[in-house]
Amino acid sequence: MALLEVKDLKVRVEEREILHGLTLTVNEGEIHAIMGPNGSGKSTLSHVIAGKPGYEVTDGEILFKGEDLLAMAPNERAAKGVFLAFQYPVEIPGVSTMNFLRTALNAQRKARGESEYSTPDFLKKVREVSKSLNIPQDMLKRGVNVGFSGGEKKRNEVLQMALFEPSLCILDEMDSGLDIDALRIAADGVNALHSPKRAMVVITHYQRLLNYIVPDIVHVMSKGRVVKSGGKELALELEASGYAQFEDAA
Amino acid sequence: MPAVQETVERVKRIDVDQYRYGFETLIESDKAPKGLSEETVKFISEKKNEPAWMLQWRLEAYRRWLTMTEPTWARVDYPKIDFQDLYYYSAPKPKKTITSLDEIDPEILKTYEKLGIPLREVAMLEGVEPKPGEEDPTRRKIAVDAVFDSVSVATTFKAELKKAGVIFMPISEAIREHPELVQKYLGSVVPTSDNFYATLNSAVFSDGSFVYVPPGVRCPMELSTYFRINERNTGQFERTLIIADKGSYVSYLEGCTAPQRDENQLHAAVVELVTHDDAEIKYSTVQNWYPGNSEGKGGIYNFVTKRGDCRGNNSKISWTQVETGSAITWKYPSCILRGDNSRGEFYSIAISNGYQQVDSGTKMIHLGKNTSSRIISKGIAAGKSQNTYRGLVTAHRKATGARNFTACDSLLIGDKCGAHTVPYIEAKNSSATFEHEATTSKISEDVLFYCIQRGLTQEEAVGLVVNGFVKDVLQQLPMEFAVEAQKLISISLEGSVG
């Protein structure tokens with residue numbers, strides 16, 4: 001079943017059009033990789049899906065579970081199951097990770113009309129989840145991402161993904177700033193969360209991430225459009241021959 | 001003075017129009033004539049059955065006040081106050097009897113709900129009384145419980161305090177019952193000649209609290225929970241005096257997170273604290289006066305003089321304040337570190353939104369040897385507000401080994417507000433160690449979006465980030481109040497972004 005349908009999407013940032021009619025369909029349980037050179041519009045796409053301010057959609061639509069995603073506030077999208085793992089997760093001093101997780105999880109549950117977690121129930125849940133991902137309890141007591149290494153920040157994103165149980169995860173350049181060990185740990189976390197109901201959209205510049213997270217479908221973006229889609233072998237082809245061949249196609 | 005008129009109009013609309021309920025005669029007879037004169041001062045003193053010495057004290061202050069001019073150095077801007085156009089005394093206004101919570105403005109109820117104040121307490125705060133012959137049992141229960149609770153709680157507390165020897169009563173009562181203590185200490189920290197507003201307060205103060213903790217006694221409770229419910233009718237010129245005798249300890253909390261409205265626009269309170277050898281006073285404030293409307297009209301002008309005197313060796317005074325209300329805040333809770341090894345602390349959260357103007361900070365005056373002080377100030381400016389930290393740290397020639405640490409952090413929300421830091425530092429001896437740190441930052445769009453992407457609304461996101469910013473200070477508040485203050489902070493900033 002189609003989870004996310006992006007249809008002929010045109011997006012502007014301050015008078016300049018970045019996406020020129022992008023179409024993409026992601027079904028439940030699929031892993032999609034979106035690749036492309038810098039400036040091709042990969043991050044713009046992830047931001048528009050999540051609802052970041054500053055982007056103007058001039059044409060096209062985005063359906064999520066059949067509903068008009070663009071009509072929803074960004075926090076409503078989160079409650080509906082859209083999760084964006086940030087390229088550069090922000091630091092929030094003075095707010096413990098534990099407090100942040102609880103506030104966010106309960107906000108989402110409340111928005112869905114579900115009961116909020118009590119403190120003991122929440123603690124039980126967060127301990128279970130962090131244990132399954134081998135995340136030390138100590139990390140939960142620290143301020144959100146404050147003084148975290150690049151690897152720890154990404155693991156914190158994975159932890160949130162596990163806790164919030166979204167149906168669509170968008171991973172924006174997850175590999176940036178990570179050494180190979182940290183990359184493997186983060187990717188293992190993502191793989192553990194893949195399920196028949198949950199789709200993943202992995203945005204990346206390099207093929208190396210796809211050695212750890214194996215996509216069902218690879219899309220190549222260039223100049224604000226998807227110019228080619230194919231199986232995982234497309235990523236390898238790109239690694240060998242580069243993006244230049246698609247520049248003309250766009 | 002149009003601003004005053006504006007407030008009066010507003011409060012009239014919000015509050016109950018007393019004239020409609022036939023209290024006219026009563027009110028008129030209990031009101032001092034408009035304006036300030038020796039007659040007014042005498043009127044107030046007489047109303048309170050004060051002894052002659054007290055009247056004399058007030059009159060001296062009044063004569064002194066006549067020679068003084070309003071201070072203008074603060075970074076606040078407001079229409080000139082006509083001091084002859086104000087009422088300086090009126091008996092507590094009889095409220096219209098409310099018989100159920102249904103009669104309270106839903107907006108006010110909403111605020112209580114956000115603060116998490118239980119409905120039963122709301123009933124008390126809003127003065128819900130049972131209607132004679134009221135049939136609805138649930139309604140009756142609220143009111144009966146309220147009466148039952150406040151009486152029993154107050155009685156238990158009074159008995160316990162008496163057992164410990166702690167004197168805790170309205171200052172007007174203390175003037176009559178403990179004149180020796182009041183005469184000895186009143187004006188000994190903030191003299192009648194201190195500053196324009198303190199002098200005005202000395203002449204016309206209405207009431208306030210008096211606390212005396214005898215030597216070696218640790219006050220068995222926070223002087224707050226009971227007081228919080230009963231403090232509603234303190235007037236515009238409040239006077240508080242707290243004395244901690246040798247080796248004693250007391251924690252005092254004033255104010256209320258519930259929204260406070262008053263028909264008097266000008267507020268000029270004075271608070272004096274005295275600690276003797278080895279004694280400690282912890283004074284916490286939560287201030288949520290009416291800040292004015294969305295166009296910046298009306299709102300309380302809050303000109304407060306708060307000062308503590310660490311008179312004895314090894315004594316300690318700690319101020320913690322959460323300031324969210326008032327149109328104008330002019331307030332510098334200070335410590336005179338007179339005793340050797342004495343310590344002063346100031347923890348402050350000052351939030352301004354809309355058109356609010358805050359000029360607040362502290363003075364740490366090191367006079368004794370090896371005195372130490374610590375200042376943690378968190379200013380948050382949103383909307384079109386201006387937020388200034390103004391602080392003085394000074395070490396006297398004889399204050400060898402004086403130490404101070406100051407951290408002033410400002411957070412800006414939006415691009416139409418201002419944060420200012422004005423620290424004065426004076427060391428008159430070479431052994432003093434003063435450290436000053438200051439930061440100014442803005443809530444970034446990226447941080448907000450991160451929180452929103454995780455399911456928080458814009459307002460919840462701002463509240464979360466701000467509460468993180470002020471955490472160090474919130475931790476200084478008594479536990480029960482910290483929770484309420486945290487919610488209050490989020491509410492104060494509603495509508496500040498977007």
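Start with burial in chain A of this predicted model. Of its 250 residues, 42% count as buried.

Keep chain A selected and show it as a cartoon. Nine helices and 12 strands appear. The radius of gyration is 18 Å, close to the 18 Å that the globule rule gives for 250 residues, so chain A is as compact as a globular protein of that length. Its C-alpha atoms fill a box of roughly 55 × 40 × 35 Å along the principal axes. Now look at contacts between residues at least 6 apart in sequence: in chain A, 71% of them join residues at least 24 apart.

Next, the core. Select Phe83(A), Ile170(A) and Val211(B). Within the largest nonpolar core, which has 184 residues, these three touch the most other members. Zoom in on Phe83(A). Leaving out residues up to four places away in sequence, Phe83(A) touches Ala78(A), Met161(A), Phe164(A), Pro166(A), Leu168(A), Cys169(A) and Ile170(A).

Move to the interface. Here 21 residues of chain A are in contact with 17 residues of chain B. On the chain A side, select helix H2 (74–80), strand E7 (92–96) and helix H3 (97–111); each gives two or more residues. H3(A) supplies the largest share, five residues. By type, the chain A side has 15 nonpolar residues, five polar and one charged.

Finish on chain B, with helix H15, residues 479–492. Its 14 residues reach 20 Å from first C-alpha to last, close to the 20 Å expected at 1.5 Å a residue. Colour the buried ones: Phe481(B), Ala485(B), Gln486(B), Leu488(B), Ile489(B) and Ser492(B). They cover an arc of only 165° around the axis, so they lie on the same side of H15(B).

Key. Residues numbered from 1 in each chain as written. Chains lettered and ligands numbered in written order. Predicted model: local features only at pLDDT ≥ 70, side-chain atom pairs only at ≥ 80, totals over all residues. Core = buried A, V, L, I, M, F, W, Y, C linked by C-beta atoms within 7 Å. Buried ≥ 20, exposed ≤ 12 C-beta atoms within 10 Å, placed from the backbone. Contact = placed C-beta atoms within 7 Å. Helix = DSSP H or I, 4+ residues; strand = E, 2+ residues; numbered from the N terminus. Nonpolar A, V, L, I, M, F, W, Y, C, P; charged D, E, K, R; others polar. Expected span 1.5 Å × (residues − 1). Arc of directions from axis to C-beta. Rg over C-alpha atoms; globule rule 2.2 N^0.38 Å.
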